[in-house]
Amino acid sequence: MFSMEPFYIRLLFIYLLLEPAYEYIQAKHRMYMKYKFFLFFSVSSAIFRTGISLLLVHFMEDKLMGRVLGYVVPVSCMYFIIYCHIIIKGKTIKWEYCKYALSISIPLIPHMLSAIILSSSDRIMITKYCGGEQTALYSLAYTVASIVILIHASINKAWTPWFFDELNSRSYDTIKKYANYYIDVFLFFITGIMLISPELLLILGGKPYYEACYVIPPVMGASACQFVYTLYVNIETYHKKTGMISTGTVMAALLNIVLNLIFIPAYGYVAAAYTTFAGYMALAAFHFIIVRKNLKMSFIYNNGTLFAKLGFFTGLQFICTLLYHTVYIRYICVFLYLAIFIVFCLKNRKTILKVCHKNLF
């Protein structure tokens with residue numbers, strides 16, 4: 001069914017059995033704001049597995065086997081050591097903790113499954129209605145956008161423990177202040193990605209993939225909506241209302257499928273990016289309503305400012321789409337973007353250096 005050899009399936013299950021050990025110890029260190037361990041482990045494991053992969057690919061006849069073994073075996077060994085450390089350190093299982101964790105986590109399973117559908121159903125439906133070539137174009141463009149999604153996920157892991165602490169201390173003014181900075185930095189970053197997306201596609205895929213640049217602005221818009229809805233989801237998570245999170249994601253996934261059925265056959269693969277954008281926009285609106293109506297906690301953020309910035313960014317994504325037709329004007333915008341970035345860094349260099357030194361050293 002998976003079109004994979006049994007050996008790879010077994011290797012996959014070994015990896016999936018051991019990998020949560022790293023996730024658990026990562027969560028523990030993250031909650032205590034200890035990020036040096038992650039930095040060391042991430043960098044060292046990346047270097048280690050890349051080096052072994054290169055060696056195995058060079059010396060083994062089966063290059064795929066060499067690549068898979070080079071990635072899975074080194075990290076699985078590291079995960080096994082962490083696994084043993086947790087077992088030795090833990091000594092006993094506290095069932096009350098398990099019960100508490102499961103009561104929060106089980107309702108999130110539909111959320112995770114629906115999130116996969118929301119992010120991948122478009123490619124399946126493009127293949128069905130438009131063919132594999134169009135799917136390849138869309139997939140590469142989505143890969144560029146996934147860089148932003150990955151960075152957002154990483155930043156949110158650092159933001160969440162701080163947010164929970166401030167929420168517990170009722171430091172609402174502090175949350176409002178830094179939430180504004182948080183979204184400003186994120187939107188500024190993804191605006192830069194949109195401006196240079198044609199060049200990114202040329203580097204990653206070459207000239208045949210250039211036309212896929214029109215997919216990136218709406219997918220960036222979806223990333224911005226995902227960023228906003230995560231801010232509200234964090235409030236729901238804090239109050240243990242995980243069932244509401246799943247409800248919203250299931251509804252958004254269904255909406256995305258219906259819109260794909262309508263618009264992909266009519267307008268092609270680019271329409272899938274806009275349906276994804278619509279799905280995440282609906283998700284952001286849904287979670288805002290839940291936080292406002294059910295939890296009565298909408299005062300945590302400056303909601304008007306938040307959605308105004310999201311609306312402004314939506315306008316920017318349409319402007320970027322038009323700029324792809326005028327190379328010289330777009331390059332002027334890139335130059336202005338870099339100038340603003342450099343001025344900001346110079347103006348706030350002391351704060352930036354202080355934050356970097358505090359977190360890295």
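Start by selecting Cys333, which is found in helix α13; helices here are DSSP runs of H or I with at least four residues, numbered from the N terminus. Before you go on, note that this is a predicted model, where local features need pLDDT of at least 70, side-chain atom pairs count only at pLDDT 80 or more, and totals for chains, interfaces and linings use all residues. Residues are numbered from 1 along each chain as its sequence is written, and side-chain values use heavy atoms, with hydrogens and water left out.

**Around Cys333**

Cys333 counts as partly exposed, at 25% relative accessibility. The cut-offs are under 20% relative accessible area for buried and over 50% for exposed, with partly exposed in between (1.4 Å probe, protein chains only). Leaving aside residues up to four places away in sequence, Cys333 touches Leu195 and Leu323; contact means heavy atoms within 4.5 Å. Now pick Tyr182 as well: its C-alpha atom is 23 Å from that of Cys333, and the two are 151 residues apart along the chain.

**Along α13**

Show the whole of α13, residues 327–347. Its 21 residues should span 30 Å at 1.5 Å a residue, and its end C-alpha atoms are indeed 30 Å apart (the expected span is 1.5 Å times one less than the number of residues). Colour Arg330, Val334 and Tyr337, which are buried in α13. They sit on the same side of α13, because they cover an arc of only 60° around the axis, the arc being that of the directions from the helix axis to the C-beta atoms. Spin to the face turned away from that buried side and you'll find the exposed residues Tyr328, Ile332, Phe335, Val343 and Lys347. What covers the buried residues of α13? The cover includes α7, α8 (197–205) and α12.

**α7 against α12**

Next, select α7 (residues 172–195) and α12 (residues 303–323), whose axes come within 10 Å and cross at roughly 5°. Axes are lines fitted to C-alpha atoms, for helices over the stretch in contact, and angles run from 0 to 180 degrees between N-to-C directions. So α7 and α12 are roughly parallel to each other; angles under 35 degrees count as roughly parallel, over 145 as roughly antiparallel, 65 to 115 as roughly perpendicular and the rest as oblique. Side chains to show in this contact include Asp184 and Leu187 of α7, and Lys309 and Phe313 of α12. By class, this contact of α7 with α12 has ten nonpolar, four polar and two charged residues. Ala, Val, Leu, Ile, Met, Phe, Trp, Tyr, Cys and Pro count as nonpolar, Asp, Glu, Lys and Arg as charged, and the others, Gly among them, as polar.

**α7 against α6**

Keep α7 and add α6: the two pack at about 175°, with axes 12 Å apart. That makes α6 roughly antiparallel to α7. Trp159 and Trp162 of α6 are among the contact residues, as are Tyr182 and Phe186 of α7. The contact of α6 with α7 divides into 17 nonpolar, three polar and one charged.

Zoom in on His152, in helix α6 (residues 132–168). Is His152 buried or exposed? His152 is buried, at a relative accessible area of 6%. Among the residues that His152 touches are Gln226, Phe227 and Thr230.

**Two loop stops**

Most residues other than glycine have a negative phi. Lys240 has a positive phi, near 65°, and lies in the loop between α9 (216–238) and α10 (242–267). Lys240 is partly exposed, at 40%. Finish at Lys296, with a positive phi near 55°, in the loop between α11 (270–294) and α12. Lys296 counts as exposed at 57% relative accessibility.
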